[in-house]
Amino acid sequence: MAETTARPILVTGGSGQLASALAAAATVPVCLRGRPAFDFDRPESIGAAFHQANPWLVVNAAAYTAVDAAEQDEAAAYRANRDGPAELARLCEAAGMPLIHVSTDYVFDGAKGEPYVETDQVAPQCVYGASKLAGEKAVLEACKRAVVLRTSWVYAPTGRNFVRTMLTLGRTRDRLTVVADQKGCPTTAPDLAAAILEIAARIAASGWQDAYAGVFHAAGSGWTTWHGLASAVFAEAARHGAAVPRVDPITTADYPTPAKRPADSRLDCTKLATVFGVRLPEWRPSLARTIDAIFAAG
Ligand SMILES: NC(=O)c1ccc[n+]([C@@H]2O[C@H](COP(=O)([O-])OP(=O)(O)OC[C@H]3O[C@@H](n4cnc5c(N)ncnc54)[C@H](OP(=O)(O)O)[C@@H]3O)[C@@H](O)[C@H]2O)c1
């Protein structure tokens with residue numbers, strides 16, 4: 001693979017949380033593409049960006065991620081989460097190239113009661129989850145060298161995410177209510193980016209292996225609830241002198257949203273560790289690092 005890895009990794013997703021983290025962490029050449037140059041709503045831009053980048057591997061971190069808005073915007077969600085990734089997968093297949101495609105815990109209904117493994121029954125509860133599941137299937141059908149990584153509860157020191165929203169609310173309110181009956185695995189974009197770069201390095205070093213194809217769960221280790229995550233955010237922020245609001249637990253029924261979320265979408269990531277030797281860090285120290293980065297940036 002030495003001659004191919006002189007070429008860049010094409011990362012889609014522009015200024016998104018994961019794409020930005022990938023570009024920041026990479027020690028190998030990366031070609032980062034976002035809108036308007038790379039736009040799933042303009043299918044011709046997909047092939048143009050692909051051929052211009054001349055990559056050896058593609059990481060698709062672009063997606064329609066507005067979970068509630070997707071309920072009213074189904075066509076756009078499917079264009080970005082199924083049709084565009086399918087086209088990328090066809091391009092990779094034609095070039096005999098690996099594709100790492102990112103998906104979501106929202107493909108599950110959350111009723112299992114213990115962490116999901118890759119072979120568990122999927123049953124998305126919202127348009128976003130259904131469109132991402134359709135994307136997984138399309139990518140795996142179109143490309144023999146596709147690695148599909150399901151992740152969850154992604155946040156970063158920048159961008160729009162739950163952690164930053166909590167910090168913003170905590171500056172102006174002395175009391176918050178947060179849903180306490182949804183469980184999941186918080187994942188930082190830098191941790192997921194590091195895992196993806198390790199997978200890419202493994203593929204480059206070993207050459208493509210059949211065991212690499214298929215679905216893998218790739219989330220932060222351990223789990224909590226949204227209420228647990230919010231409480232931990234303020235505990236970490238207090239180290240930096242931030243005011244700590246009272247965080248009261250509420251139920252999902254107390255906080256209705258347009259899109260239904262899984263009650264328990266914890267992911268078992270054993271397969272990723274077994275096949276690629278990659279395990280994402282525990283969520284709590286990663287949260288502490290993220291809060292430190294947010295306060296360091298001012
Ligand atoms: N955020 C989460 O909690 C979460 C949870 C589970 C799974 N995931 C998955 O993780 C991956 C990365 O998510 P993220 O958190 O980095 O999301 P993000 O911050 O919302 O970034 C997604 C990026 O996708 C690009 N995009 C959106 N619509 C597009 C379109 N029609 N054509 C081309 N690009 C488009 C946008 O980039 P530009 O506008 O800059 O071009 C956007 O910045 C996605 O596959 C997502 O489904 C995320």
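This text walks through a predicted model, beginning with the ligand and its surroundings and moving on to helix packing and the backbone.

The ligand is surrounded by 27 residues, of which Arg35, Phe40, Thr65, Tyr128 and Lys132 are the closest. By character, this shell divides into eleven nonpolar, eleven polar and five charged residues. Backbone atoms of the protein also come within reach of the ligand's oxygen atoms: a polar backbone atom of glycine 16 is 3.1 Å from an oxygen atom of the ligand, and a polar backbone atom of glutamine 17 is 2.9 Å from an oxygen atom of the ligand. For arginine 35, a backbone N or O atom lies 2.7 Å from a ligand oxygen atom. Taken alone, the ligand would expose 890 Å², and the protein buries 85% of that area. The elements that contribute two or more residues to the shell are α2, spanning residues 17–25, β4, spanning 99–104, and α5, spanning 127–142. Among the elements, β4 gives the largest share of the shell, namely three residues.

One of these shell elements, α5, also leads to the packing of the helices. Two packed helices are described by the distance between their axes and by the angle between those axes. How do α4 and α5 lie relative to each other? The axes of α4, which covers residues 74–95, and α5 come within 8 Å and cross at roughly 15°. Because angles under 35 degrees count as roughly parallel, α4 and α5 are roughly parallel to each other. Their crossing is right-handed.

A second pair, α6 (residues 162–172) and α10 (residues 283–297), has axes that come within 12 Å and cross at roughly 55°, and α6 and α10 are therefore oblique to each other. Here too the handedness can be stated, since α6 passes α10 in a right-handed crossing.

Two places in the backbone deserve a look of their own. Most peptide bonds are trans, and most residues other than glycine have a negative phi. Arginine 35, already met beside the ligand with its backbone atom 2.7 Å from a ligand oxygen, is joined to proline 36 by a cis peptide bond, with omega about 5°. Proline 36 is placed in the loop between β2, residues 30–33, and α3, residues 44–53. The other place is asparagine 54, a residue other than glycine whose phi is positive, near 50°. Asparagine 54 sits in the loop between α3 and β3, the latter covering residues 57–60.

How values were computed
Residues are numbered from 1 along each chain as its sequence is written. This is a predicted model: local features need pLDDT of at least 70, side-chain atom pairs count only at pLDDT 80 or more; totals for chains, interfaces and linings use all residues. Side-chain values use heavy atoms; hydrogens and water are left out. A residue is near a molecule or strand if one of its heavy atoms lies within 4 Å of it. A polar contact is a pair of N or O atoms within 3.5 Å; within protein, one must be able to donate a hydrogen and the other to accept it, and residues adjacent in sequence count only if both atoms are side-chain atoms. Accessible areas come from the Shrake-Rupley method with a 1.4 Å probe; for residues, only the protein chains shown count as cover. Helices (H or I, at least four residues) and strands (E, at least two) are DSSP runs, numbered from the N terminus. Ala, Val, Leu, Ile, Met, Phe, Trp, Tyr, Cys and Pro count as nonpolar, Asp, Glu, Lys and Arg as charged, and the others, Gly among them, as polar. Axes are lines fitted to C-alpha atoms, for helices over the stretch in contact, and angles run from 0 to 180 degrees between N-to-C directions. Angles under 35 degrees count as roughly parallel, over 145 as roughly antiparallel, 65 to 115 as roughly perpendicular and the rest as oblique. A crossing is left-handed if the near helix is turned anticlockwise from the far one by less than a right angle, and right-handed if clockwise.
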